[in-house]
Amino acid sequence: MNQLLDLTLCEAATHLRNGDVSAAELLEAAIAAVERHDPAINAVIGIEGERAMAEAHALDAVPRDKRGLLHGVPLAHKDMFYRADEVCTFGSAPRGDTRMDRTSPLLRRLDGAGAVSFARLNMAAFAMGPTGHNPDFGRCRNPFAPERITGGSSSGSGAAVAARFAYGALGSDTGGSVRLPAACCGVVGLKPTQGLLPLDNLMGLSESLDCPGPIARSSRDLARLMDVLDRPGHEAATEQGVRGLRIGLPTSYYGDDLHPEVQANIAAAVEVFRQIGIEPVLVDVPDHRPYADLADAIWKPEAAALHLPALQADPAALPDQARARLTQGLATSAVDYIRARRLRTLALRQMIEGPLAQCDAMLVPAMRQPVPLASEVEATGGDSMRRNLEALTAFSRPLNFLGLPGLVTPSGLDSNGVPLSVQLIALPRRESLLLQLGCAFEREAGFNRVRPAMLTDS
Amino acid sequence: MSRMESEASGCAAGLAPEAAAAYALAVHGIRLTGEEAEWFAAEMLRGAGAVQRASAGMALFDVQMAAFDALLRGEGPTP
């Protein structure tokens, strides 16, 4: 592997800005890495090499004092962000000839900062599925353990960043779809506050719960991306000290039914925070158990409304899981949709005035269990699908219902050598604080620097 | 979902899969298979029961959906 690809995004950006390496050289290295390793991972749906190389050459001609925050940095994104004149599949092969006529404002912001977005990444079809399975493009495989899931639906985003194909990637998170792939693939993912980043010109599922967010290999890298995607100030926050801050440890729900390895890992993470001067405090959280069903009562009818024409025209053309979940949306009454939306307001207020008033951020496991085998969680419909979804997303979906920001960062390896991760949760619009805490944790623990063995061996 | 389970979920009675299939076809233009209709009927009741249980005793009359966005913007608690 080209050692430059093992740098973090910020380190690579410094080399590019200083002219130690050109944008074209780094893009060539990234494409070569995809060609070498992606047959074993299947993270990439398409490479837009010609356009990307033209951009890289143009960037190399920019004087050093005029270079942007992401000058020449190769990125790749979940294949649901529109770019004018390019294909966008939504993870569905029949869309393979569909060229978009508009560009996502998020891609425009990355372009404006000098990033080179060169590849479209695998995802669950229509962003419906938390495992990384895709019947059209094939299952995306975990770079740490190909027989295990990548998480989803932004499966390719987690896998491509972990495999060092790209320094960062955009995903979208309606029930955990940024955080689960980050957690399963040993990288760092941020679900921003609901509504912080625009939903224009990207594939929608649920305007109430959809949340685009970045994945990278460090919280500082995410902060740099958020400086571009949102507003400046996030990276500066990561330089501030954390001593004296308090992390809240929930007394219920997030500690229930934990796998022993997850339990030991979260205890170890608490010790890391204690070592860097952060005080753990116990906090009581409102009963989270109804939130998954209430979230379903909001996003499923919204998704069914958006995709009803496809469901009516030729339901057999939709992948099984997408068809099953869209059909479920038709089963929710408008009365229940409105009641769930109103309950959401009460639940958020309880969190703001309760546990999040007693600490700076809450610390919980990213998942209740270690990363499962792909064969253990494959289901296309029915009750087995619902049970699998509930088990995988138990700690991610509450934040979509509540609209709160969450950061997932690696906190160790399980007995199979597969990443375990923790999740930090804060008040609305406190992304900078999450990134500050994540950065401090990563400096001390260093699990975000662990590479998949398949890269170390090559 | 059995009739007993559906009643426990908060709904008054079970829903025949045939009725659920007729609803999906008549209202949404979606034709369900027999297996899908069974699951669809069970989901209608399970989902409705879950919302009903979560709403029990909650004062939703004065809650505005827009208040959620105000809370996310940090504009303070709003009923």
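## Core and sheet of chain A

Of the 172 residues in the largest nonpolar core, Leu110(A), Phe118(A) and Met362(A) touch the most other members. The description refers to a predicted model. Leaving aside residues up to four places away in sequence, Met362(A) is in contact with Gly248(A), Pro250(A), Tyr254(A), Val283(A), Val285(A), Met351(A), Pro355(A), Leu356(A), Gln423(A), Leu424(A) and Ile425(A).

Chain A also holds an open sheet of 11 strands with mixed pairing, in the order S1-S3-S2-S4-S6-S5-S10-S11-S9-S7-S8. Its edge strands are S1 and S8 of chain A, each of which pairs on one side only. On average, neighbouring strands of this sheet are turned by 30° against each other, direction ignored. Helix H2 of chain A packs on the sheet, where it touches S1, S2 and S3 of chain A. The direction of H2(A) makes about 15° with that of S3(A).

The residue ranges of several of these strands are as follows.

| Strand | Residues |
|---|---|
| S1 (chain A) | residues 44-47 |
| S2 (chain A) | residues 74-78 |
| S3 (chain A) | residues 116-121 |
| S4 (chain A) | residues 168-172 |
| S8 (chain A) | residues 279-283 |

Strands S2 and S4 of chain A pair in the parallel sense over two bridges. Ala76(A) stands opposite Ala169(A) in S4(A).

Another residue to consider is Arg224(A), placed in helix H7 (residues 219-229) of chain A. Is Arg224(A) buried or exposed? Arg224(A) counts as buried because its relative accessibility is 9%, and the cut-off for buried is under 20%. Residues up to four places away in sequence not being counted, Arg224(A) touches Leu9(A), Cys10(A), Ala13(A), Leu69(A), Leu70(A) and Glu235(A).

Notes: Residues are numbered from 1 along each chain as its sequence is written. Chains are lettered from A and ligands numbered from 1 in the order in which they are written. This is a predicted model: local features need pLDDT of at least 70, side-chain atom pairs count only at pLDDT 80 or more; totals for chains, interfaces and linings use all residues. Side-chain values use heavy atoms; hydrogens and water are left out. Two strands pair if DSSP finds at least two bridges between them. Helices (H or I, at least four residues) and strands (E, at least two) are DSSP runs, numbered from the N terminus. Axes are lines fitted to C-alpha atoms, for helices over the stretch in contact, and angles run from 0 to 180 degrees between N-to-C directions. Contact means heavy atoms within 4.5 Å. A nonpolar core is a set of buried Ala, Val, Leu, Ile, Met, Phe, Trp, Tyr and Cys residues joined through side-chain atoms within 4.5 Å. Buried means under 20% relative accessible area, exposed over 50%, partly exposed in between (1.4 Å probe, protein chains only).
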